[in-house]
Amino acid sequence: MARKQIVILGGGTGGTMTANRLRRRFDADEAEIHVVDRDDKHVYQPGLLFVPFGMARLDEIVRPRRRQLRDGVVFHEQEIDSVSIERDEVVLADGAVLYYDVLVVSTGVRLQPEETDGLAGPGWNERVFTFYSPEGAEALRRALERFDGGRLVVNLVDMPIKCPVAPLEFAFLADWYLRERDVRGRTEIVYVTPLDSAFTKPTCARELTWLLTEKEIELVTDFNAGEVDGVGGKLVSYDGSEVDFDLLVTVPLHGGAAYVERSPGLGDALGFVPTDKQTLQAVAKPNVFALGDATDVPTSKAGSVAHFEAEVLAENVARYLDEQELDAGYDGHANCFIETGFRKALLIDFNYDIEPLPGRFPAWFGLPLMRESHVNHMGKLLFQWMYWNALLPGRDIPGIGPAMPTRGKKNLPVAN
Amino acid sequence: MTMTVIADSPVDLDAEGFMTDSSQWNEQVAEKLASENGIPELTDRHWLVVRFMRERYLETGTAPSIRSLGKESGVPVKELYQLFPKGPAKLAAKIGGIPKPRGCI
């Protein structure tokens, strides 16, 4: 075939894995592969959770994007202006135009604190923080060091958010951190969520809510934050109820990357890219694919999802170029470690149809599921090594793939 | 799931009171569901939101979240909460005869 142009927007988890998988798959004379990102900083995002507690440093979790890409992948450090679906072109901020045969959208999400009244106003990074950005996580670390008791409120404004369990993990780790520092006795930790439970999955809500009770974390549900007073220390909901805080840790609203909104037909009202949940082909046009946080597929926005999707997506890009039928191979598989403090963690594993179940992962000899254990905490810490050395290069890890494993799980529903 | 009769129409409801078959819906059912859920009268603004929710669901198979409602229905989020106290998306879905929005993943 004539040499094809593959353009990948975003050099994060999904984009890097896709580029490396496709680079291995195609010879240099078969395909040219371009990756575009606005900066050269690849953040290991799970690490951000640990930064506020001094358990990880930014320089340990940020590496150059270029260095994670295989030889033969062209990296453009440039903002994206827009995509023309009609002309199969990407326009960069400096005016350069990249033509593509296949486009892969993997630009993740953008934090939008400005969408909530007052949130990004006075008090931001003084009394109101988010650990969802490297700068925010670092500012919060300094604030927690000085924190001497009072009301610590953790709030997620609304779904969807990246790693839905992260704010809860933050509350668990804050409990541990403040106990070690002897200020827990004069601190109230309050978890405020718009959902009807601390967990987004019904089985987790049923099985795991005791964790909050044990850690003396007050739970406020069905709270839809509409306004923040960062000086007076008030979180106000749309129906007028209020939660006072001395320190607010917020997860701001998420939307798709800004250029998506400037690209007619590519995204939805929130800037997410409507995408087939099994083939990962975008609705916009057959030669557009999307993965990771940037899509609207109904599963968690998490690195594990991007990882499992990348395998299916790379296969489908190859099939598309070869004019073959696409593989409807992604089943919504996601898994996540949930840090619970005191060097323990839980692991959950699920897909579109099957809720998290107890048992072991990926098989009977594996890590315990839905139970607190030290080995899961070690797993979460060791995972960073795997991320840089196995996941990003796009190597297959035996036993851990796109299809959710059922060996080792208890109480599996009977197929009908 | 229970079968019940609302405004002379047979209607299937799930445990939380959401209709499981959107074709059983009509305007009288909507009015009855609204009054049972704390909205004595559906104004034009209510209907705008309820119809938007319903049409979007029938078109795409999923109900819009509060945020997309605020951006696309023409009714700002603040007003949505005044019209449908507590949970606009959930309540408008219930009144519009469509399943509970699944936005929570």
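Helices (H or I, at least four residues) and strands (E, at least two) are DSSP runs, and they are numbered from the N terminus. With that in mind, and remembering that this is a predicted model, select A:Glu323, which is found in the loop between helix H8 (303–321) and strand S21 (334–341) of chain A. Although A:Glu323 is not a glycine, its phi is positive, at about 60°. A residue is exposed if 12 or fewer other C-beta atoms lie within 10 Å of its own, and A:Glu323 counts as exposed because it has 7 C-beta neighbours inside 10 Å.

Next, stay in chain A and move to A:Asn125, in the loop between strand S10 (109–111) and strand S11 (128–129). Here too phi is positive in a residue other than glycine, with a value near 65°, but A:Asn125 is partly exposed, with 16 other C-beta atoms within 10 Å.

Now select the pair A:Met159 and A:Pro160, which are joined by a cis peptide bond with omega about 0°; A:Pro160 sits in the loop between strand S12 (150–156) and helix H4 (166–180) of chain A. Then go on to A:Phe361 and A:Pro362, where the peptide bond is cis as well, with omega near -5°, and where A:Pro362 belongs to the loop between strand S23 (359–361) and strand S24 (367–369) of chain A.

Turn to chain B and select helix H2, residues 44–60, whose 17 residues should span 24 Å at 1.5 Å a residue, which agrees with the 24 Å between its end C-alpha atoms. Colour B:His46, B:Val49, B:Val50, B:Phe52, B:Met53 and B:Arg54, which are the buried residues of H2(B), and you will find them packing against helices H1 (27–36), H3 (66–72), H4 (77–83) and H5 (88–95) of chain B. Just after H2(B) comes B:Gly61, with a positive phi near 85°.

Keep H2(B) selected and add H5(B): the two pack at an angle of about 80°, with their axes 9 Å apart, which means that H2(B) is roughly perpendicular to H5(B). Their contact is made by B:Val49, B:Val50 and B:Met53 from H2(B), together with B:Ala92, B:Ala93 and B:Ile95 from H5(B), and these residues divide into 6 nonpolar, no polar and no charged.

Finally, show both chains and look at where they meet, a contact that takes 15 residues from chain B and 16 residues from chain A. On the chain B side, H3 and H4 each supply at least two residues, and H3(B) gives the most, with 5 residues. By class, this side of chain B has 6 nonpolar, 3 polar and 6 charged residues.

Conventions. Residues numbered from 1 in each chain as written. Chains lettered and ligands numbered in written order. Predicted model: local features only at pLDDT ≥ 70, side-chain atom pairs only at ≥ 80, totals over all residues. Expected span 1.5 Å × (residues − 1). Buried ≥ 20, exposed ≤ 12 C-beta atoms within 10 Å, placed from the backbone. Contact = placed C-beta atoms within 7 Å. Axes fitted to C-alpha atoms, helices over the stretch in contact; angles between N-to-C directions. Parallel < 35°, antiparallel > 145°, perpendicular 65-115°, else oblique. Nonpolar A, V, L, I, M, F, W, Y, C, P; charged D, E, K, R; others polar.
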